[in-house]
Amino acid sequence: MREYVYDSVYLRRKDFEEGNVLFETWDPNACYAWDTGVAIGRYLQGLKAGKLIGRSCPECRRVMIPPRLFCEQCFCATDRWVDLQDTGTVVTFSLCYVTWDMIRLEEPQLPAVIEIDGASPGMGIMHMLGEVDPQAIKIGMRVQAVWKPAEERIGAITDIAYFKPTSASSVEPLE
Amino acid sequence: MNGNRVAIVGAGMTKFVRRAQETAKELAWEAAHLALESCEMTLDDVDAVVIGTAPDAFDAVHMKSEYLSDGCGAWGKPYMRGYVGGGTGVFAPIQGWYHVASGLFDTVLVVCEEKMSSCQPHPQGAFLTIFDHTTERPLWPNLLWIFALEMNAYMSRYGLDKRDIATVAVKNKRNAADHPAALLGDPNITVEDILNTEVMAWPVQRGDVSPITDGAVALVMCANHVARRVTDKPVWIEGVGWSIDTAYWANRDLSYPTYVEEAARMAYEMAGITEPRKQIHIAEPYDPFDYKELHHLEGLMLFDKGKAPEAAAAGVTQRDGDLPVCPSGGLLGVGNPIAAAGLMKVAEIFWQLRGEADARQVPGNPKRGLAQAWGDLMQVGTVVVMGV
Amino acid sequence: MIREVAIVGAGWSGFRSITPDLSYKELMYEAAVQAYEEAGINPRRDVDSFVTVAEDYNEGTSIFDEYVPDQLGALHRPVQTIAGEGIHGLAAAVMQILTGKFDVVVVEAHSKASNILTLPYILAFAFDPVFNRPLAAHPYYVAGMEMQRYLAETGTTHRECACVAAKNRYNALLNPLAGYGAAVSADDVLASEPIAEPLTRLECAGHSDGAIVFVLASGETARALTDAPVWVRGVGWANDTFWMESRPWGEARYARDAGQMAYRTAGIKSPRAEINFAEVDDTFAYKELQHLEALGLCPPGTAGEWTAAGGTALSGEFPVNPSGGALGEGHLLDATGLARVLEVVLQLRGEAGQRQIEDAEVGLAFGWRGVPTTGGAAVILSN
């Protein structure tokens, strides 16, 4: 099959640096304002108020987060908002040493999937871990949300700064 | 399969390189015309064109298929683009299959192309936008996160050893040393080399990851009566399957790719396969990361859950093993121009089943093989079973 | 075509210029529920394949197919996204049913155009990055240039184009789905602000949000599911060259080729005689005329005078865009072609209310992918 493989011309960085290659650049201007709709709108309102909201399905009884107006398993309308707790369990996690545009980090970011208490088993959301020694993170670790102060919350997933390991004694009152 | 039987009769591709001088259109053209040349057909013989290409953000053109149309031979022809993320490369021949099996077209040109290098400062950045715009993007996620989260879940669930997983990277990069289009072929690479690479997003290390790549691949697919005229070694499409899981990926069990199993079941049923491990002779599962090859092999029901790594470490999946897996060198070895990578796997099975894989040829006269691709937020499985 | 295919259910949500109350998922869910209800099916059990139509940059999300299954009942089912015109999606569904391996296939497309803040820049992003994009003009200049050439080649007048806009915006007043209905005259249209000369503002379709879902089924299944199947008689699609520098500027060859394939698959020899009405892309008023001629529904160069004389009015001999078209309903991005199909379906089922065409038996719908493309798709339906 060798005869049916075309030898693409492999460009290297210095081809650009030395001006051997001509190129055209363009900065896309792609801006959007996505309607949150009913379900996520309510979720964001909940975040601003310092709580996590889920939604339940009348048929399979699952309590889902993020909330949605339809149950994707039963294909029927969900019918009830459910206040969830802001604690949960680490389902999986990573220690990430590069940013989204591939810049090396000294201190790793700590993304995780966190199963939220009050929702059905396995219902996780993606968020970050903080105030924790990266080497000490374990699957199954219990964590709780660290909220930004009320006046800094805007109705976004980042109203939760990160999740930290729970300590036995403290249960922070919600603002 | 009833109705129109469909075969692949020709294939062509470009070298996979980190940054090609050729434009996206030119890459598509090079692969397309080589595919036609390989079966001595011309554009006049082509009734319709199918293009598979993944995020527009890489090539940096909106409605990318329109821009690519001329290079794909679609001038004046029925032309359509299917797009299922990373699954596209194996979905494109499925689309080609239904074009022909519908009875509307006799000969279809299937082209897959990706020019990821257009995206600056780093193509990796475009993946930011695959995450949910409201509930996830504000956290500035990195594509590596989602793989690392899945790899961790998989390894923890079954108590897997990183060394066993690393053997996949070694196998594929060594296999790729025999592939003329390969970017990262290395006949001497060892498990230690992989394990010594820097940690990107633990447990993912650089050696576990396939590279950003530019490239294109094309196939010619025909109906029964045309295939027999064009070649004496048509490779028949025996089964196709595809399936998608929920977009709420954090609600799922990441340790097992249900979406791959669903797609495989659909394809196996169509192909009349009841014992995949025995009846499939070669497999080209999608290997963007080394652990994914194993994850997918289990989803394809070729190995029991949690058992693929030890089989790999034991040599079962080597070219001369009991079930050769990724004899091409896969994405880890040949390269990962998303959609083109998947079609490269289909082309590999095509060449293998015809005995045309040169130094990569698996012994034993294989008669049936499968190619599988994965895509989206750990979400899409696409499977094609082929046979001679 | 070797097997019968019919539309057995249709659902929609919108169309409105803004839909701030619903997310795209909720819009899709609404349309899907309606379509499934009509067809009497449960998507978790009865649907063999799902086809959605979407483009990443219209959504603001890469690999958009990730986000479609849940609200369509397509979890763990075969789902594919066609990045093309809505009618391409319909064609893909038809092909799957024709293979004999799929019985019931769902097709979906939607628009959240109101959520795209920089739509002209997104369109500009579709241009050839080396040869055309650097010119950095508002993309509608391409339509302006094409209209200029079309008028010159065919002798069509600007006023005749304005008649299209007046007709369609007027038809829209009778359409509850249309947000741009208006009683404007051809003079009003000609007097509206110039956009990309000779195009004026009222000759350019505004945008709407909405979602459309169809359920298709093979012959036997269709008859079991409904008393009023709408049969897919023929389907065709084609591209012309993308190069601006060498494309034909006066003739819509992609429409000619798509139409010819649709007629061939439908066994139609004289389109004008065998088809009663059509819904044809009118993103810009002149496009309706250009497409009518390319589709062979009138002799070349005559669409303008035919329209001006009232031949394509709702009460005319061959109604075109009884729905009001994109000019009347708003352009729905990738779903626009399916909005054309929806009207054909409603007319053939006798459900078009005040817009109902008498004795509607065979209708054609044609969609174009818009500036700067030369791609389109056609479908012929009958009751």
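## A tour of two interfaces and a helix crossing

Begin by selecting chains A and B together, where the contact takes 42 residues from chain A and 56 residues from chain B. Bear in mind throughout that this is a predicted model. On the side of chain A that touches chain B, colour the strands β1 (5-6), β7 (87-93), β8 (95-98), β10 (111-116) and β11 (124-128) of chain A, each of which gives two or more residues to that side. Among these elements, β11(A) makes the largest share, with five residues. If you then colour that same side of chain A by residue class, you will find 29 nonpolar, nine polar and four charged residues.

Stay at this contact and select β8(A) together with strand β5 (residues 199-202) of chain B, which pair in the antiparallel sense over two bridges. To find your place in the pairing, label C96(A), which stands opposite A201(B) in β5(B).

Next, hide chain A and show chains B and C, whose contact takes 51 residues from chain B and 49 residues from chain C. The side of chain B that touches chain C draws at least two residues from each of α2 (56-59), α3 (64-68), β3 (79-83), α4 (88-101), β8 (235-244) and α9 (258-271) of chain B. Of these, β3(B) gives the most, with five residues. Coloured by class, the residues on this side of chain B divide into 25 nonpolar, 18 polar and eight charged.

Keep β3(B) selected and add strand β3 (residues 79-82) of chain C, since these strands run antiparallel and are joined by two bridges. Here the residue pair to label is G82(B) and I82(C), the former standing opposite the latter in β3(C).

For the last stop, show chain C alone and select helix α5 (residues 86-98) and helix α16 (residues 336-348), both of chain C, whose axes come within 5 Å and cross at roughly 70 degrees. Angles of 65 to 115 degrees count as roughly perpendicular, and α5(C) and α16(C) are therefore described as roughly perpendicular to each other. Display the side chains where the helices meet: G86(C), I87(C) and L90(C) come from α5(C), while T336(C), G337(C), L338(C) and V341(C) come from α16(C). The residues of this contact between α5(C) and α16(C) divide into four nonpolar, three polar and no charged.

Notes
Residues numbered from 1 in each chain as written. Chains lettered and ligands numbered in written order. Predicted model: local features only at pLDDT ≥ 70, side-chain atom pairs only at ≥ 80, totals over all residues. Contact = placed C-beta atoms within 7 Å. Helix = DSSP H or I, 4+ residues; strand = E, 2+ residues; numbered from the N terminus. Nonpolar A, V, L, I, M, F, W, Y, C, P; charged D, E, K, R; others polar. Pairing = 2+ DSSP bridges. Axes fitted to C-alpha atoms, helices over the stretch in contact; angles between N-to-C directions. Parallel < 35°, antiparallel > 145°, perpendicular 65-115°, else oblique.
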